[in-house]
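Colleague: Hey, got a minute to walk me through this one? I'd like to know what to look at.
Modeller: Sure, pull it up and we'll go piece by piece.

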Amino acid sequence: MTHDEIRKALESVIDPELHRNIVELDMVRSIEIHEGGVVDVVVSLTTPGCPIRNHFQTGVANAAKTVEGVTAVNVSFDVLTDQQKSALQQKLGRGGGLPSGALAEVQNVICVGSGKGGVGKSTLTVNLAAALASEGKRVGVLDADVWGYSIPRMFGLGAQRPDVSAERKILPLEVEGGIKVMSIGFFLGEEDSAVVWRGPMLHKALTQFLEDVAWGALDFLLIDLPPGTGDVSMTLAQLLPQAKFVIVTTPQPTAQKVARRSAEMANKVNLEICGVVENMTGFATPSGERFAIFGEGGGQALADELDVPLLGQVPLTMPLREGADSGQPLVFTNPDDPASQGVRQAARGLVALAPIALPTLNVAPPAAPAQPVGMSLPMA
């Protein structure tokens, strides 16, 4: 084995916030190779109490062990100097500084999008969050539909304002189930005020919502995207290259074809499509009758075309609409409603697709050499 081989292997370890590998970021401070295949690696962190330290501990050890001849890996850490941080900021073109761990403990980022408006995407996002919380998951919701924000109203938050922590992080508001919520609607002068922004302002706001909000430890962060394939989707793809995309469509062929454009956008910006949810799968009356108002089969056809699972089919019911208007997610208030059952099926599908979080493994230290027979002498 050689230093170059080990360094090459470490290129597979990605900083989850800077979205580049630790070799490219010059975070691999030193590599030492010892007898018996033991390797010592020193990695430089951006902050002393880096919350993703365990991510690097496990990633570096596993990557180095892929090199033939490596038997054990010892990983230790130091901290970048102010000068090194400044150089890294300049290299990355980040005038506002390096991220400080806001998304470090978020396990799965799910972007909920569609190619057009009016398919119930926001209603579905809110109830998906409620369903995931009901499954015992820690959930956050980011309302990225800046022009058409509706998440605050659907959670019954009204004109509440978030606080700022002592560390100057925005504290998301919390609703039933411990769901953390963030939206541009919290920062406007009046509830339901219009937002008139161009692309650069939008990019800056989304960056702040991702990096300057104290999301904490979450199993799922759901991002409600605006309709279409414009600035927001491209910004999120740049900031969150490891995010996954859920496409929402209605059963009718026209909506399915428009939703297909969202899939094309996701592919162009290298976002993984993890599934399709068919919303408004018929209208279910209080007496149990069902009417296929928007046709049938569009969700399954889109899922088959994209070769991804159809996570769920959610019928349109009156309580679903009433819950969205009153700020009470239907999954919480009436989990037996047909729409609730469809959403809960989709949520279980997301849980099944999420990677299993493995515990951080302690890398085995090299075996201690045999002790010589005789009296031990004190060491200076």
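Colleague: Which residues of H2 are buried?
Modeller: In this predicted model, the buried ones in H2 are Phe56, Gln57, Val60, Ala61, Ala63 and Ala64.

Colleague: And where do they sit around the axis of H2?
Modeller: They're on the same side of H2, because they cover an arc of only 165 degrees around the axis.

Colleague: OK, what do those buried residues pack against?
Modeller: Three elements: helix H1 (3-9), strand S2 (38-45) and strand S3 (72-79).

Colleague: How many residues does H2 have, and how far does it reach?
Modeller: H2 runs over residues 53-64, so count 12 residues. From its first C-alpha to its last it reaches 17 Å, close to the 16 Å expected at 1.5 Å a residue.

Colleague: Let's switch to Asp40. Where is that?
Modeller: Asp40 is in strand S2, one of the elements that the buried side of H2 packs against.

Colleague: What does Asp40 count as, in terms of accessibility?
Modeller: Partly exposed, because its relative accessibility is 22% and the cut-off for buried is under 20%.

Colleague: Which residues is Asp40 in contact with, leaving aside its neighbours within four places in sequence?
Modeller: Ser30, Ile31, Glu32, His34 and Asn74. With His34 there's also a polar contact between the two side chains, at 2.7 Å.

Colleague: And how far apart are Asp40 and Ala72?
Modeller: In sequence they're 32 residues apart, and in space it's 8.6 Å from C-alpha to C-alpha.

Colleague: New topic: the nonpolar cores. Which residues touch the most other members in the largest one?
Modeller: That core has 77 residues, and the ones touching the most other members are Phe155, Ile179, Trp215, Leu221, Ile223, Phe245 and Ile247. Helix H4 (residues 121-134) gives the most to this core, with 8 residues.

Colleague: What about the second core, who's in there?
Modeller: It's separate and has 27 residues, including Ala9, Val28, Ile31 and Ala63. You've met two of those names already: Ala63 is among the buried residues of H2, and Ile31 is in contact with Asp40.

Colleague: Why would a protein have cores like that, with nonpolar side chains buried together?
Modeller: As a general tendency, nonpolar side chains in soluble globular proteins tend to be buried together.

Colleague: How many salt bridges are there in the whole structure?
Modeller: A search finds 6. One of them joins the side chains of Glu11 and Lys8, at 3.3 Å from N to O.

Colleague: Are Glu11 and Lys8 buried or exposed?
Modeller: Glu11 is partly exposed at 32% relative accessibility, while Lys8 is exposed, with a relative accessible area of 55%.

Colleague: Which parts of the chain does the salt bridge between Glu135 and Arg348 link?
Modeller: Distant ones: Glu135 is in the loop between H4 and strand S5 (139-143), and Arg348 is in helix H12 (residues 338-353), 213 residues apart. Their closest N and O atoms are 3.9 Å apart.

Colleague: And what does Arg138 pair with?
Modeller: Asp219, with the closest N and O atoms 3.1 Å apart. Arg138 lies in the loop between H4 and S5 and Asp219 in strand S10 (residues 218-224), so this pair ties together parts that are 81 residues apart in sequence.

Colleague: Is Asp219 buried or exposed?
Modeller: Buried, with a relative accessible area of 16%. Its partner Arg138 counts as partly exposed, at 42%.

Note on methods. Residues are numbered from 1 along each chain as its sequence is written. This is a predicted model: local features need pLDDT of at least 70, side-chain atom pairs count only at pLDDT 80 or more; totals for chains, interfaces and linings use all residues. Side-chain values use heavy atoms; hydrogens and water are left out. A nonpolar core is a set of buried Ala, Val, Leu, Ile, Met, Phe, Trp, Tyr and Cys residues joined through side-chain atoms within 4.5 Å. Buried means under 20% relative accessible area, exposed over 50%, partly exposed in between (1.4 Å probe, protein chains only). Helices (H or I, at least four residues) and strands (E, at least two) are DSSP runs, numbered from the N terminus. The expected span of a helix is 1.5 Å times one less than its number of residues. The arc is that of the directions from the helix axis to the C-beta atoms. Contact means heavy atoms within 4.5 Å. A polar contact is a pair of N or O atoms within 3.5 Å; within protein, one must be able to donate a hydrogen and the other to accept it, and residues adjacent in sequence count only if both atoms are side-chain atoms. A salt bridge is a side-chain nitrogen of Lys or Arg within 4 Å of a carboxyl oxygen of Asp or Glu.
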